[in-house]
Amino acid sequence: MNPQMTLPPTPAALPPKNVKPGAAGKRGGGGRRSEVRFFASLGHVALAVWAVIVIVPILWTFLASFKNTTEIFSSPWTLPAELRFENYARAWTTANVGRYFLNSVIVVTFSVLGTMLFGSMAAYVLARYRFWGNRAIYYLFVSGLAFPVFLALVPLFFVVKNLGLLDTHTGLVLVYIAYSLPFTVFFLTAFFKTLPTSVAEAGMIDGCSHTRLFFQVMLPMAKPGLISVGIFNIIGQWAQYQLPLVLLSNAKDKWVLTQGIADISVNAGYEADWSGLFAALTIAILPMIIVYAIFQRQIQSGLTSGAVK
């Protein structure tokens, strides 16, 4: 037998001269890494600029709350000469910020509890049960996100008035619940879909009713999502101004904090009590900053757990 002959490699198969193997891949990978680093640096710069835009006004308001009116206008960017806590006492008592703060706490507490109860129940049914009209009801809820609230102020005023709930905290709480339900249902529906079906099936096999399964099994499992959307609702309802302005216009003793601060702002120009105004603003801002700082990890966990599962 003739031995097999080994043919020399063709020129096309030979590696290019003076080029090390894998050099092209390294050049491509290096270019991609440089591009990623560039956009990451650009994102960090944008976040830093955004942080300055947000933090500087809050810090300035906090410092101005310890100054007097002369310092606020003559040296706005310097530290206060002394810590004037009487500004907070004057805002709390003389400007009735204490009463407005308590009214806001009452309204937001009941409205958030109602929003989370009804929103979680609706979202659970829409996410876990199949029935005729399921998608139509879901899209009806979601469409509320695209409807500006100021377009509904006039008809909303007459609806609440005809129900006899105008200038009452009850009417404002019900409107807050209706106003917050679209986002709550939208958020929690997606979250309930990520929960394991096997746990629900095991609960039904053990004899759980649909109500017991929801409150004792599925709702505790959805705790991260409930905390996230709950904090968003608290912040949104605490800072709401248009709805209480229309629904509590003639009941000053029932005003919420945003109405009280707006009234202080109007009167500050005549009474020259700008330090009291900034003290009131600090009282309104600090609780939400504290709440967000405490529940920051839970909020992030709730926002990402659906993607992880």
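**Close-ups of an all-helix predicted model**

**View 1. Ser 180 sits in helix H7.** Keep in mind that this is a predicted model. Is Ser 180 buried or exposed? Its relative accessible area is 5%, and buried means under 20%, so Ser 180 counts as buried. Who does Ser 180 touch, once we skip the neighbours within four places in sequence? The partners are Thr 115, Asn 233 and Gln 237.

**View 2. Zooming out, the whole chain is built from 14 helices and zero strands.** Reading along the sequence, you meet one α after another: α-α-α-α-α-α-α-α-α-α-α-α-α-α. The chain has 309 residues, and 34% of them count as buried. Take the contacts with a separation of 6 or more: 73% of them join residues 24 or more positions apart. As for the outside, the accessible surface comes to about 19,000 Å², with 70% of that belonging to carbon and sulfur atoms.

**View 3. Here helix H5 (residues 134-143) meets helix H7 (residues 169-193).** To describe two packed helices, you give the angle between their axes and the distance between the axes. For this pair, the axes come within 7 Å and cross at roughly 130°. That angle is neither over 145 degrees nor in the 65 to 115 range, so H5 and H7 are oblique to each other. On the H5 side, the contact is made by Arg 135, Tyr 138, Phe 141 and Val 142. H7 brings Leu 181, Pro 182, Val 185, Phe 186, Thr 189 and Lys 193. Sorted by type, the residues of this contact are seven nonpolar, one polar and two charged.

**View 4. Phe 186, in helix H7, is one of the residues in that meeting with H5.** Its relative accessibility is 37%, so Phe 186 counts as partly exposed. Leaving out residues up to four places away in sequence, Phe 186 touches Tyr 138, Val 142 and Leu 145. Now look for Ala 123: how many residues apart in sequence are Phe 186 and Ala 123? They are 63 residues apart, yet their C-alpha atoms are 7.4 Å apart in space.

**View 5. This one shows the largest nonpolar core, a set of 50 residues.** Leu 172, Leu 188 and Phe 192 have the most contacts inside the core. Which helix gives the largest share of this core? That would be H7, with ten residues. Try tracing the partners of Phe 192: not counting residues up to four places away in sequence, they include Ser 120, Ala 123, Tyr 124, Phe 214 and Met 218.

**View 6. Trp 92 belongs to helix H3 (residues 86-93).** With 40% relative accessibility, Trp 92 counts as partly exposed. Beyond the neighbours within four places in sequence, Trp 92 is in contact with Val 97, Gly 98, Phe 101 and Ile 283. Trp 92 and Ala 279 are 187 residues apart in sequence, but 8.8 Å apart in space, C-alpha to C-alpha.

**View 7. Asn 96 and Asp 167 are two loop residues to look at together.** Most residues other than glycine have a negative phi. Asn 96 isn't a glycine, yet its phi is positive, about 60°. Asp 167 isn't a glycine either, and its phi is positive at about 60°. Asn 96 lies in the loop between H3 and helix H4 (97-128), while Asp 167 lies in the loop between helix H6 (153-162) and H7. Asn 96 is partly exposed, at 26% relative accessible area. Asp 167 has 17%, which is under 20%, so Asp 167 is buried.

Methods
Residues numbered from 1 in each chain as written. Predicted model: local features only at pLDDT ≥ 70, side-chain atom pairs only at ≥ 80, totals over all residues. Heavy atoms only, no water. Axes fitted to C-alpha atoms, helices over the stretch in contact; angles between N-to-C directions. Helix = DSSP H or I, 4+ residues; strand = E, 2+ residues; numbered from the N terminus. Parallel < 35°, antiparallel > 145°, perpendicular 65-115°, else oblique. Contact = heavy atoms within 4.5 Å. Nonpolar A, V, L, I, M, F, W, Y, C, P; charged D, E, K, R; others polar. Buried < 20%, exposed > 50% of the residue type's maximum accessible area, 1.4 Å probe, protein only. Areas by Shrake-Rupley, 256 points an atom, 1.4 Å probe, with all protein chains shown as cover. Core = buried A, V, L, I, M, F, W, Y, C linked by side-chain atoms within 4.5 Å.
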